[in-house]
Amino acid sequence: MEKQWGIIEVLRHSRHDWMNKLQLIKGNIDLNRIDRVKTVIDEIIIEAQNETNLSNLPIKGFVSLLLKTNWENPTFELEYEVLNCKEAVMVDDEVLTNWTKQFFSCLNKAIEPFQENHLSITIEPQSNGLRFFFDFSGIIMNRELIEKFLAEQTAQFESAVKEFSDNELTLEIYLPAV
């Protein structure tokens, strides 16, 4: 059963994330590592801009899934970027969200936990749909599980596996506008 997030829980997790970032800045100031402080602040700004661009997309279920994934999923770290957010078009949010949940679940079962597993999602709005690039790096223990998922679950939209090894999976999918 999927966890339902209340406003208090969302704020609690968000506050915890911000406290971690502030402690990182404070610790580097205490160590007089001003260049590192500037780098951390720049990273925070980029992350906030990406979160804003993501939140502005007209696919609320998908956006919500991405925003809470790092809180719910300790198996891999997720980051995302939205390119050209001015061109955002509406796609089938339910299809996209359900597919992404299933993909995350498959990935969780196929990778080695407690390793440096990282998934980056780049979202490229286009005039007639949305293009997504999923780039995973880490330790894939069960390639067959992922292969089976991709063979069965990507028929509803355009998809292409660009790279697939024991340490990397690069996948492109395209959803047309509705």
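Visitor: Where does Ser-120 lie, and what makes that element a strand?

Guide: Ser-120 lies in strand S2, which covers residues 118-126. A strand is a DSSP run of E with at least two residues, whereas a helix is a DSSP run of H or I with at least four residues, and both are numbered from the N terminus. This is a predicted model, in which local features need pLDDT of at least 70, side-chain atom pairs count only at pLDDT 80 or more, and totals for chains, interfaces and linings use all residues. Residues are numbered from 1 along each chain as its sequence is written, and side-chain values use heavy atoms, with hydrogens and water left out.

Visitor: Why is Ser-120 called buried?

Guide: The word depends on relative accessible area, with a 1.4 Å probe and protein chains only: buried means under 20%, exposed means over 50%, and partly exposed means in between. Ser-120 has a relative accessible area of 18%, and therefore it counts as buried. Leaving aside neighbours within four places in sequence, Ser-120 is in contact (heavy atoms within 4.5 Å) with Glu-79, Phe-133, Phe-134 and Asp-135.

Visitor: How do you know that Tyr-80 is buried, and which residues does Tyr-80 touch?

Guide: Tyr-80, which lies in strand S1 (residues 77-82), has a relative accessible area of 14%, and so it is buried. Not counting residues up to four places away in sequence, Tyr-80 touches Asn-50, Glu-51, Leu-54, Leu-66, Leu-67 and Ile-121. One of these partners, Glu-51, is 29 residues from Tyr-80 in sequence, although the two C-alpha atoms are 8.1 Å apart in space.

Visitor: What makes Leu-66 a buried residue?

Guide: Leu-66 lies in helix H3, residues 60-72, and its relative accessible area is 2%, so the residue is buried. Apart from residues up to four places away in sequence, Leu-66 touches Leu-54, Leu-78, Tyr-80, Phe-104, Ile-121 and Ile-123. Leu-66 and Glu-79 are 13 residues apart along the chain, and 8.4 Å separates their C-alpha atoms.

Visitor: Why is Asn-98 called partly exposed?

Guide: Asn-98, a residue of helix H4, has a relative accessibility of 35%, which means that it counts as partly exposed. From Asn-98 to Gly-61 the C-alpha distance is 9.0 Å, with their positions 37 residues apart in sequence.

Visitor: How do you know that Asn-32 and Phe-114 are exposed?

Guide: Asn-32 has a relative accessible area of 59% and is therefore exposed; Phe-114, with 77%, is exposed as well. Asn-32 is placed in the loop between helix H1 (7-30) and helix H2 (34-55), while Phe-114 lies in the loop between H4 and S2. Neither is a glycine, yet phi is positive in each: near 60° for Asn-32 and about 65° for Phe-114.

Visitor: Which residues of helix H5 are buried, and how do you know that they line one face?

Guide: In helix H5 (residues 143-153), the buried residues are Ile-146, Phe-149 and Leu-150. Seen down the axis of H5, they fall within an arc of 95°, so they line one face of the helix; the arc is that of the directions from the helix axis to the C-beta atoms. An α-helix has 3.6 residues a turn, so residues three or four places apart point the same way. The face of H5 turned away from the buried side carries the exposed residues Glu-144, Lys-148 and Ala-151. Helix H4 (93-110), strand S4 (158-164) and strand S5 (168-176) are among the elements that cover the buried residues of H5.

Visitor: What radius of gyration does the protein have, and what would a compact globule have?

Guide: The radius of gyration is taken over C-alpha atoms, and the globule rule is 2.2 Å times the number of residues to the power 0.38. For 178 residues a compact globule would have a radius near 16 Å, and the protein has 17 Å, so the two agree. Along its principal axes, the C-alpha trace spans about 55 × 40 × 35 Å.

Visitor: How many helices and strands are there, and in what order do the elements run?

Guide: The protein has five helices and five strands, which run α-α-α-β-α-β-β-α-β-β from the N terminus on. Buried residues make up 37% of the 178 residues. Of the contacts between residues at least 6 apart in sequence, 68% join residues at least 24 apart.
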